Amino acid sequence: MNGLVMRASYAMGESASPNQSAGNNIGFSARLDKDLFGAYGFYHRMNDQAPATTKTTQAGIGGVAKFGGLRVSYGYHVTNPDAGAKAVGQNIGLAANVGGGWLMAQAMKVQQDALKAEGKSFALSYVYPLSKRTDLTASAGVMRNNSVGVYALRASDFQVSPTVAGNSPKGVGMGIAHWF
């Protein structure tokens, strides 16, 4: 075991522009043995872009545990604007060491109460290390929206958005990642 590592943070800010968010952030993370268990949480209270008199609260918790060559993760996130529809998201992920790389699967559900919008995402990825700093990656996923859902399928910095409510975007990607 490598011991317990804990971190806490607080940040605040303000903006003179009506098109930028400003607010307060509180976060924490803890790790017990770098390969065994980790957890995180955050709370963010921000001014919405317009009108600036409303505020949105975001909060989330999650964690990851390792069992031999299998990692299991879970996350829960809530967005609750003062004037608007509350949204809740949950995700679960599995990662297994297979063929010298990592085979990963994730399922996610997002709901927005007032609009009755719902999206369920499923993704499968494989990451194979070519060297200490270079990986080959392959991913496939789908976001299944209900009749009023307009949630996008996201992978890192890339997203595929539905063109109309109820569409279910799908995507496949391959690439190489190198860390300098």
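## Surface and overall make-up

In this predicted model, the chain exposes about 11800 Å² of surface, and carbon and sulfur atoms supply 60% of that area. Of the 180 residues in the chain, 24% count as buried.

The secondary structure comes to 12 strands and zero helices, so that, read from the N terminus on, the elements run β-β-β-β-β-β-β-β-β-β-β-β. Among the contacts in the chain with a separation of 6 or more, 35% are accounted for by residues 24 or more positions apart.

## A nonpolar patch on the surface

Leu4, Met6, Leu32 and Phe37 together make a nonpolar surface patch of about 420 Å². One of these residues, Met6, is found in strand S1, which covers residues 4-12. Met6 has a relative accessible area of 61% and is therefore exposed, the cut-off for that class being over 50%.

## A buried threonine in S4

Strand S4 covers residues 55-67, and Thr57 lies in this strand. Because its relative accessible area is 18%, Thr57 counts as buried, a class that takes in values under 20%. When its neighbours within four places in sequence are left aside, Thr57 is in contact with Tyr43, His44 and Arg45, and also with Val78, Thr79 and Asn80.

## Strands S5, S6 and S7

Strand S5 (residues 70-81) pairs with strand S6 (residues 87-98) in the antiparallel sense, over 10 bridges, and within this pairing Tyr74 stands opposite Ile92 in S6. S6 is also joined to strand S7 (residues 101-112), again in an antiparallel arrangement, by 12 bridges; here Asn91 has Met108 in S7 as its bridge partner.

S6 and S7 form a hairpin with two residues between them, and Gly99, which is in the turn, has a positive phi of about 60°.

## The loop after S7

Lys116 lies in the loop between S7 and strand S8 (117-129). The phi of Lys116 is near 60°, a positive value in a residue other than glycine. Most residues other than glycine have a negative phi. With a relative accessibility of 61%, Lys116 counts as exposed.

## Strands S8, S9 and S12

S8 runs antiparallel to strand S9 (residues 134-145), and 11 bridges join the two. In this pairing the bridge partner of Gly119 is Asn145 in S9, and the hairpin formed by S8 and S9 has four residues between the strands.

S9 also pairs in the antiparallel sense with strand S12 (residues 170-178), over nine bridges. One of the positions in this pairing is Asp135, which stands opposite Ala177 in S12.

## The largest nonpolar core

The largest nonpolar core has five residues in all, namely Val110, Ala117, Met143, Tyr151 and Leu153. Leaving aside its neighbours within four places in sequence, Tyr151 is in contact with a list of residues that includes three members of this core, Val110, Ala117 and Met143. The other contacts of Tyr151 are Gln111, Gln112, Glu118, Gly119, Asn145, Pro162 and Pro169. Two of these contacts, Gly119 and Asn145, are also the bridge partners described above for S8 and S9.

Definitions and conventions: Residues are numbered from 1 along each chain as its sequence is written. This is a predicted model: local features need pLDDT of at least 70, side-chain atom pairs count only at pLDDT 80 or more; totals for chains, interfaces and linings use all residues. Side-chain values use heavy atoms; hydrogens and water are left out. Patches are made of residues with over 30% relative accessible area and no salt bridge: like charges are joined within 9 Å, nonpolar side chains (Val, Leu, Ile, Met, Phe, Trp, Tyr) within 5 Å. Accessible areas come from the Shrake-Rupley method with a 1.4 Å probe; for residues, only the protein chains shown count as cover. A salt bridge is a side-chain nitrogen of Lys or Arg within 4 Å of a carboxyl oxygen of Asp or Glu. Buried means under 20% relative accessible area, exposed over 50%, partly exposed in between (1.4 Å probe, protein chains only). Two strands pair if DSSP finds at least two bridges between them. A nonpolar core is a set of buried Ala, Val, Leu, Ile, Met, Phe, Trp, Tyr and Cys residues joined through side-chain atoms within 4.5 Å. Contact means heavy atoms within 4.5 Å.
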